[in-house]
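Subject: Structure for you to look at

Hello,

Here is the structure I said I would pass on. Please open it alongside this message; my notes come after it.

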Amino acid sequence: MSGEFFRVALMSALGALLIWAAVTDLRSRIISNRLNLAIATLAPLWWIASGLPLWPGAALQLLLGVIVFAAFAALFAFGLMGGGDVKLLGALALWFPWPVLLSLIVLMAIAGGGVTIATVIDHKLRHREGQPEIPYGVAISLAGLWVIGERYLNHFA
């Protein structure tokens, strides 16, 4: 019973941090390093609470985090993503096994399209100059919240 309590508490903390990431990105277009560090730091506690073995489980999660971070850092290098978004994705990759992580990335892309369209429309309606800054942390957070919800709310998953 207490193990399940800690798993739910950690997932709730992750959900709260994702909501915070979305709100701050929407307001200021910045996802703080402290927030990303908190998400990454809680992941090993999640591994322990979930009974994930150090080898190969935790090692695979670390590898996934590095791969996701490197892939999206390349997009950052081309100016296609913000640094906070890349760090948020890398931190989230520490939490989920690769099939769930792939779902998260697909959901993020779909939500990102909606966020982009809404941002561009808002940019045009307000007659702002320059390129709109897309708060992609909103899409990342929505995708993260979706996969968390799937785990706890969908009894068929």
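Below are notes on one helix pair and on the salt bridges.

Please keep in mind that this is a predicted model.

Helix pair

The two helices to look at are α4, residues 83-93, and α6, residues 136-153. Their axes come within 9 Å and cross at roughly 15°. Angles under 35 degrees count as roughly parallel, and α4 and α6 are therefore roughly parallel to each other. The crossing of the two is left-handed.

Which residues make the contact? On the α4 side they are Asp 85, Leu 88, Leu 89 and Leu 92. On the α6 side they are Tyr 136, Gly 137, Ile 140 and Ser 141. Sorted by type, the residues of this contact are five nonpolar, two polar and one charged.

Salt bridges

Side chains of opposite charge can pair when their charged atoms come close. With a cut-off of 4 Å between a side-chain nitrogen of Lys or Arg and a carboxyl oxygen of Asp or Glu, the count comes to three salt bridges.

One of them is in helix α1, residues 2-28, where both Glu 4 and Arg 7 lie. Glu 4 forms a salt bridge with Arg 7, and the closest N and O atoms are 2.8 Å apart. The two residues are three apart in the helix, about one turn. How accessible are the partners, in relative terms? Glu 4 has a relative accessible area of 37% and is partly exposed. Arg 7, at 24%, also counts as partly exposed.

The other salt bridges involve Asp 122. Asp 122 pairs with Arg 126, the closest N and O atoms being 2.6 Å apart. Asp 122 also forms a salt bridge with Arg 128, and here the closest N and O atoms are 4.0 Å apart. Through the shared partner, Asp 122, Arg 126 and Arg 128 are joined into one network.

The accessibility of these three residues is as follows:

- Asp 122 is partly exposed, with a relative accessible area of 29%.
- Arg 126 counts as exposed, at 53% relative accessibility.
- Arg 128 is partly exposed, with a relative accessible area of 45%.

To find these places in the viewer, start with Leu 88 and Ile 140 for the helix contact, then go to Glu 4 for the salt bridge with Arg 7, and to Asp 122 for the network.

Regards

Key
Residues numbered from 1 in each chain as written. Predicted model: local features only at pLDDT ≥ 70, side-chain atom pairs only at ≥ 80, totals over all residues. Heavy atoms only, no water. Axes fitted to C-alpha atoms, helices over the stretch in contact; angles between N-to-C directions. Helix = DSSP H or I, 4+ residues; strand = E, 2+ residues; numbered from the N terminus. Parallel < 35°, antiparallel > 145°, perpendicular 65-115°, else oblique. Left-handed = near helix turned anticlockwise from the far one by under 90°. Contact = heavy atoms within 4.5 Å. Nonpolar A, V, L, I, M, F, W, Y, C, P; charged D, E, K, R; others polar. Buried < 20%, exposed > 50% of the residue type's maximum accessible area, 1.4 Å probe, protein only.
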